[in-house]
Amino acid sequence: MVQQSEHTSESVTAAVQLQKNFFRTGQTKSIDYRKRMLQALADQVRKNEKEICYALKLDLNKSETEAFVTEIGFLLEEIKFTLKHLDKWMKPEKVKTVKTHIGSKGIRVAEPYGVTLIIAPWNYPFQLQLAPLIGAIAAGNTAILKPSELTPHTSALLSQLIQDTFDPAYVSVLEGGVQTTSILLDQPFDYIFFTGSVPVGKIVMEAAAKRLIPITLELGGKSPCIVDKTANMELAAKRIVFGKLINAGQTCIAPDYLFLHTKIKETFIEELKKVIVDFYGDNAVENEEFTKIVNARHFHRLKEYLSDGTVLFGGQSDENKLKINPTLIIPQDLSSPLMTEEIFGPILPILEYDHIQEVIDFINSRPKPLALYLFTNRDEVEKQVTESTSFGGGCINDTLMHIATPYLPFGGVGESGIGTYHGEASFQTFSHFKSVLKQTNRFDFSFRYPNAENGLKMMKKLMK
Ligand code: NAD
């Protein structure tokens, strides 16, 4: 086990001050600097692919394929996309003026906030730390990164890679747990980007409120997945099992629970079982490629859910390996922890419905989810569900894939989060858009001044 020590108030203050001084030099703002730094980050990630996979294997038993697709490849794609579009995003935008402003010009200029703090969780510990950093760099900020203490090998590697790539006056890593994060949250940052749970999101927002620091909160919750009777059963089962079991269900946008139409319930459950065995074998616990649960606390938390319903499939586990078999379960009670807490593991509760309105009413009676998935071949059902529920983002006839395109901003709504990122949304999140009006001196509308004759009359004509 890699040992982490907590930072003191003095060391945290010094790290922030170092970046404040550097930001004031203005070096981080040039387009050339931003591009060079993004390139340096991509080079470092590429060069250390093996080490990254190894750290993720130790922390979470992630397979090399999962590690590459969801952590390394994801970041490389995001950097490539940002480098390709950054000139366009940074260009000041000319905007129209109104009649009262004839002769003047309006522009919106993107400027960096300054020194930013990026706090990451443990489930995709490499990617979720660096994806926001891409936005912070692209927008011209400096950044202090705080990885999760629950994935210590990845945290130590991040610290090393960032040290090898950047001057700490520009980007640095402060490792640690609650103590370090609490000290960080007491610093005069210019922006805070937090990914993690709802309860800690509230702590972050409260701390930011004290200094009026703008924030992004990427949180979690229970994401519903609906299978209509017209869905393509085979594809739906594959795509749901893929989305639920990647990273052993420890994914913020994993389908948390299923709503199956009564007519297809039994056949679909059989299809799900078939796909699980196809993907992971009869006993996933023994499958070397199957991700483990991050620690004993989460392992036992997940095992508790198994007593909240009737297990239809799976349910076996191995405490030494911290692994739980993919499990299908019918909940006993909708107010049990299984149906009120975010599961964040390979356990999939199944509910059934006759009319889609029942599902809509259920979703609307709960906190707004981070993701929603609907499998259907009926346009009217798609329209009804997407128009009458609120959720961060989601897919029709798929799971997770909306997160993997930089053209779609990613984020939550209500309890599942505030703000978005990925692609241009990351650049916008880490930028303040400064509005500037450049007035002409060639003429002057004197009717706006207090001594003007007919001033009010003119104003009334112009401002209707
Ligand atoms: P967490 O909230 O426990 O921890 C996140 C970070 O906050 C860690 O770096 C941790 O050190 C720090 N932290 C923990 N307790 C703290 C405290 N009391 N005060 C200050 N800082 C504290 O979350 P987690 O368990 O690491 O991650 C799982 C959660 O994150 C799930 O709810 C999941 O849905 C969510 N998540 C969301 C996204 C997203 O993009 N929306 C992505 C991944 C995970």
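Biologist: In this predicted model, how much area is buried between domain 1 and domain 2, and what share of that area do carbon and sulfur atoms give?

Modeller: The size of an interface is often given as the accessible area lost when the parts come together. Here about 1,700 Å² is buried between domain 1 and domain 2, with carbon and sulfur atoms giving 52% of that area. On the domain 1 side, the residues that lose the most area to domain 2 are Asn-61, Glu-66 and Trp-122, which together account for 28% of what that side buries.

Biologist: Where do the two domains run along the chain, and how many residues does each bring to the contact?

Modeller: The domain assignment gives 9-219 + 415-436 as domain 1 and 224-405 as domain 2. To the contact, domain 1 brings 19 residues and domain 2 brings 24 residues, while the C-alpha centres of the two domains are 31 Å apart. The count of salt bridges between domain 1 and domain 2 is zero.

Biologist: Turning to a single helix, which residues of H10 are buried, and which are exposed?

Modeller: An α-helix has 3.6 residues a turn, so residues three or four places apart point the same way. In H10, the buried residues are Lys-265, Phe-268, Ile-269, Glu-271, Leu-272, Val-275, Ile-276 and Tyr-280. These residues cover an arc of only 160 degrees around the axis, and therefore lie on the same side of H10. Glu-266, Thr-267, Lys-274 and Asp-278, on the other side of H10, are exposed.

Biologist: What span should the 16 residues of H10 have, and which residue follows the helix?

Modeller: At 1.5 Å a residue, helix H10 (residues 265-280) should span 22 Å, which agrees with the 22 Å between its end C-alpha atoms. Gly-281 follows H10, and its phi is positive, near 85 degrees.

Key. Residues numbered from 1 in each chain as written. Predicted model: local features only at pLDDT ≥ 70, side-chain atom pairs only at ≥ 80, totals over all residues. Heavy atoms only, no water. Helix = DSSP H or I, 4+ residues; strand = E, 2+ residues; numbered from the N terminus. Expected span 1.5 Å × (residues − 1). Buried < 20%, exposed > 50% of the residue type's maximum accessible area, 1.4 Å probe, protein only. Arc of directions from axis to C-beta. Domains from an automatic or database assignment. Contact = heavy atoms within 4.5 Å. Buried area = accessible area lost by both parts, 1.4 Å probe. Salt bridge = Lys/Arg side-chain N within 4 Å of Asp/Glu carboxyl O.
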